[in-house]
2 protein chains.
Amino acid sequence: MRADARRNREAVLEAARALFADQGFEAQMDEIARKAKVGVGTVYRHFPTKEELLDALIARRFDALTARAAEAVEETKTGDAWEAFEGFVRFSAEIQTCDRALSEAMATRSERMHEAAVCSGLVVQLEELLKRTKRAGAVRKDLIVEDIPSMVCGVGSVAIAAAEKPGWRWDRVLGIWLDGVRAPAKKKLPPIP
Amino acid sequence: MRADARRNREAVLEAARALFADQGFEAQMDEIARKAKVGVGTVYRHFPTKEELLDALIARRFDALTARAAEAVEETKTGDAWEAFEGFVRFSAEIQTCDRALSEAMATRSERMHEAAVCSGLVVQLEELLKRTKRAGAVRKDLIVEDIPSMVCGVGSVAIAAAEKPGWRWDRVLGIWLDGVRAPAKKKLPPIP
DNA sequence: AACTATACGGAATACTCATTCCGCTTGTAG
DNA sequence: CTACAAGCGGAATGAGTATTCCGTATAGTT
């Protein structure tokens, strides 16, 4: 690959990251190209569709998440399991709430998000993290792995809403969730059928 | 207003309710008109823009919510405060999760939703409900009125996501929230600045 | 029954983008 | 230094859809 091509590809990714993060998926291809100081044609040479461009960005995010989850798993081995769990969950929520497109994708392309989570290895790490945290008695026994992306999805939407209505605080929603998830449980959750 | 006009207006509202509920705001005006057995022109005579059509539907929903909140307030006077609170919260969540457009609006038009909540009197009822529920010691003291729409917004998004990814259960997110909100609190929530 | 203000239908309009196309430029191998 | 494959820019294209417009139909009135 020619050196300029590699440079342009990187510039496009960075421009897209920034614009998607604050405008969501409606950010326009022309604007992304302009911000990357590149023609639209160049954007399309590297990413055949707008969706594939988003996918590329999502894959990066999941890699970061997976790495953080692995750290949390390590932390359960030496330190406090609840701290490890809470730390990872807060990290996920922060990643999510900083990026509007990611939050939209979580709600409207959940299937693809799940695939990305599997590919990056995140699901495996999460299973391990949850298993260890439960074994330590830190979270309620009926919590399941899927409850985590569900919460992240919800928190992401609250963050989007908060742009217009600042009183709606995603960090409070998260705080309540953490309290609700910490052992002991007060009331059993609906079973998965 | 001519009788046929009133009839048509109603038909449009009902068609729009159904289509918005399952396709979200992307439901097309042409399709709404077709479903209402009416020309597009007629839709536009009654509702000058797509947004005003949505607003009309939202106003109806808030009226139902407000009525239910008032009932819950009454219930706190005679029965169990937690039951009253939980009943109202579950009702809100169900209304939300049955309607895709409503859920989208909660995340992306939160300011307008808040206005609708004020106009319908919902906010006043909620304040009263929360005050009484706290006084009875049923919910944590640091819960605020805004935490309720925040949760509803989040739960709505999870419901949208669940259409593609059925493992993400909004009813579990709600169950966790309820546990997190029930007194006593485990950890203080972030203060509103 | 005739009249007319209201309302109706739906083809045409207008606009917003994603995506395509192709003539021009430039990195780089020899 | 040249040749040319790889890459580039950005005007033009095309599809999707909210909204407008106006000739026609009809409810309600006298």
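The buried residues of helix α4(B) pack against five helices of chain B, namely α1 (3–23), α5 (81–97), α6 (100–108), α7 (110–120) and α8 (122–135). This is a predicted model, and the points below take up that helix, the contact between chains A and B, and the surroundings of DNA strand C.

**Helix α4 of chain B**
- The buried positions of α4(B) are Leu53(B), Leu54(B), Leu57(B), Ile58(B), Phe62(B), Leu65(B), Ala69(B), Ala72(B), Val73(B) and Thr76(B).
- Helix α4 of chain B runs over residues 50–78, and because 1.5 Å is expected for each residue, its 29 residues should span 42 Å, which agrees with the 44 Å that separates its end C-alpha atoms.

**Contact between chains A and B**
- In this pairing, 39 residues of chain A are in contact with 39 residues of chain B.
- On the side of chain A that touches chain B, two or more residues come from each of α6 (100–108), α7 (110–120), α9 (147–162) and α10 (170–181) of chain A, and α9(A) gives the most, with eleven residues.
- By class, the residues on this side of chain A divide into 18 nonpolar, twelve charged and nine polar.

**Surroundings of DNA strand C**
- DNA strand C is surrounded by 22 residues, of which Ala3(A), Asn8(B), Gly39(B), Gly41(B) and Thr42(B) are the closest.
- At least two residues of the surface near DNA strand C are supplied by each of α1 (3–23), α2 (29–35) and α3 (40–46) of chain A, and likewise by each of α1 and α3 (40–46) of chain B.
- Helix α3(B) provides the largest share of that surface, with four residues, while the surface as a whole has eight nonpolar, seven polar and seven charged residues.

Conventions: Residues numbered from 1 in each chain as written. Chains lettered and ligands numbered in written order. Predicted model: local features only at pLDDT ≥ 70, side-chain atom pairs only at ≥ 80, totals over all residues. Expected span 1.5 Å × (residues − 1). Buried ≥ 20, exposed ≤ 12 C-beta atoms within 10 Å, placed from the backbone. Contact = placed C-beta atoms within 7 Å. Nonpolar A, V, L, I, M, F, W, Y, C, P; charged D, E, K, R; others polar. Near = placed C-beta within 6 Å.
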